Amino acid sequence: MSILFIQGSPVEPSRSAALSGFVAAEIQRRGIDNSRLKLTDLPAQALLNAKFGDPQIRIASDRVAGAAAIVIATPVYKAAYSGLLKSFLDLLPQNGLEGKVVLPLATAGSPHHALALDYALRPVLQSMSPSLVLPGVHATDATVGKSDTGDYVLSAEIIDRLAQATDRLIYEYRALLARRPEPAVDPVPFDQVRCSV
Ligand SMILES: Cc1cc2nc3c(=O)[nH]c(=O)nc-3n(C[C@H](O)[C@H](O)[C@H](O)COP(=O)(O)O)c2cc1C
């Protein structure tokens, strides 16, 4: 059981992916199994035409099913989240986040839609039966600058908030794994049970 990072921006390079990258690096540093799902790698026609049976959509959906925790990064688009992310979420099963911990991350041009994660994305995630949707991290573009080499540079304040969110994610992820029941074992037929006295 690992942590899956879903990148919901349709563009590259992506500021929201930079937030996700910070969390992923920290998760990696702590030796927790993780992987990344870039939604732009999925076939656009399958996403737009709701092709549940498309092989790549199935694989992506299985990867979500197989993860214990999900980090979802998206840009704020029109006071909500990206259409690409919605197209993908629409193709997951109704309870596709059942039992999982979810951390939402977003970047936006302005602080005006800072609550978009809470009023737009959170209800959708919540409808998919997660164990817990953690408080999200919203960052404005001004706090995710670009270096001379073209890399994104996070402000100290955003690094601090992401570090706190990562600590909480790891705590909840480990708690969730600890609560998981042992896999069921077929009982030994009664006539084969031998007791030594
Ligand atoms: C189509 C579109 C719609 C956007 N809508 C908003 C918006 O409603 N509010 C906002 O604060 N920023 C908005 N932005 C700015 C992006 O959220 C912002 O630049 C974000 O950091 C982009 O993230 P990305 O680089 O991961 O794609 C919009 C940008 C685009 C391209």
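Seven nonpolar, five polar and two charged residues make up the lining of the largest pocket in this protein. The structure you are looking at is a predicted model, and that pocket is a good place to start a tour.

**The largest pocket**

The volume of the largest pocket is about 150 Å³. Its lining counts 14 residues, and those nearest the pocket's centre are Arg15, Ser16, Pro75, Thr107 and Asp141. If you want to find the pocket by its secondary structure, look for helix 1 (15-29) and strand 4 (101-108), each of which gives at least two residues to the lining.

**Around the ligand**

Next, turn to the ligand. The shell around the ligand holds 16 residues, and Ser9, Ser14, Ser16, Val76 and Asp141 come nearest. By class, this shell has six nonpolar, seven polar and three charged residues. Helix 1 and strand 4 each supply at least two residues here.

Three contacts of the ligand are listed below.

| Ligand atom | Partner in the protein | Distance |
|---|---|---|
| nitrogen | polar backbone atom of Lys78 | 3.0 Å |
| oxygen | polar backbone atom of Ala79 | 2.8 Å |
| nitrogen | N or O atom in the side chain of His113 | 2.8 Å |

How much of the ligand's area does the protein bury? Taken alone, the ligand exposes 650 Å², and the protein buries 72% of that.

**Cavities**

The whole structure also contains two cavities of 30 Å³ or more. The largest cavity encloses about 50 Å³ of space. Its lining consists of Gln7, Ser9, Val11, Glu12, Ser14, Ala17, Lys38 and Thr40, which fall into two nonpolar, four polar and two charged residues.

The second largest cavity has a volume of about 30 Å³. Around it you will find Thr74, Pro75, Val76, Ala80, Tyr81, Ala106, Ala116, Leu117, Ala120 and Leu121. Strand 3 (67-75) and helix 5 (116-126) are the elements that give two or more residues to this lining, and helix 5 gives the most, with four residues. Which classes of residue line the second largest cavity? There are nine nonpolar residues, one polar and no charged ones.

**The protein as a whole**

Stepping back, you can count six helices and eight strands in the protein. Following the sequence, their order is β-α-β-α-α-β-α-β-α-β-β-β-β-α. The C-alpha trace spans about 75 × 40 × 30 Å along its principal axes. Of the 197 residues in the protein, 44% are buried.

Technical notes. Residues are numbered from 1 along each chain as its sequence is written. This is a predicted model: local features need pLDDT of at least 70, side-chain atom pairs count only at pLDDT 80 or more; totals for chains, interfaces and linings use all residues. Side-chain values use heavy atoms; hydrogens and water are left out. On a 1 Å grid over the protein atoms alone, a cavity is a set of points where a 1.4 Å probe fits but cannot get out, and a pocket is an open set with protein on both sides within 12 Å along at least five of seven lines; lining residues have an atom within 4 Å of a point. Grid points are joined across faces, edges and corners, and a volume is the space filled by probe spheres set on the points. Ala, Val, Leu, Ile, Met, Phe, Trp, Tyr, Cys and Pro count as nonpolar, Asp, Glu, Lys and Arg as charged, and the others, Gly among them, as polar. A residue is near a molecule or strand if one of its heavy atoms lies within 4 Å of it. A polar contact is a pair of N or O atoms within 3.5 Å; within protein, one must be able to donate a hydrogen and the other to accept it, and residues adjacent in sequence count only if both atoms are side-chain atoms. Accessible areas come from the Shrake-Rupley method with a 1.4 Å probe; for residues, only the protein chains shown count as cover. Buried means under 20% relative accessible area, exposed over 50%, partly exposed in between (1.4 Å probe, protein chains only).
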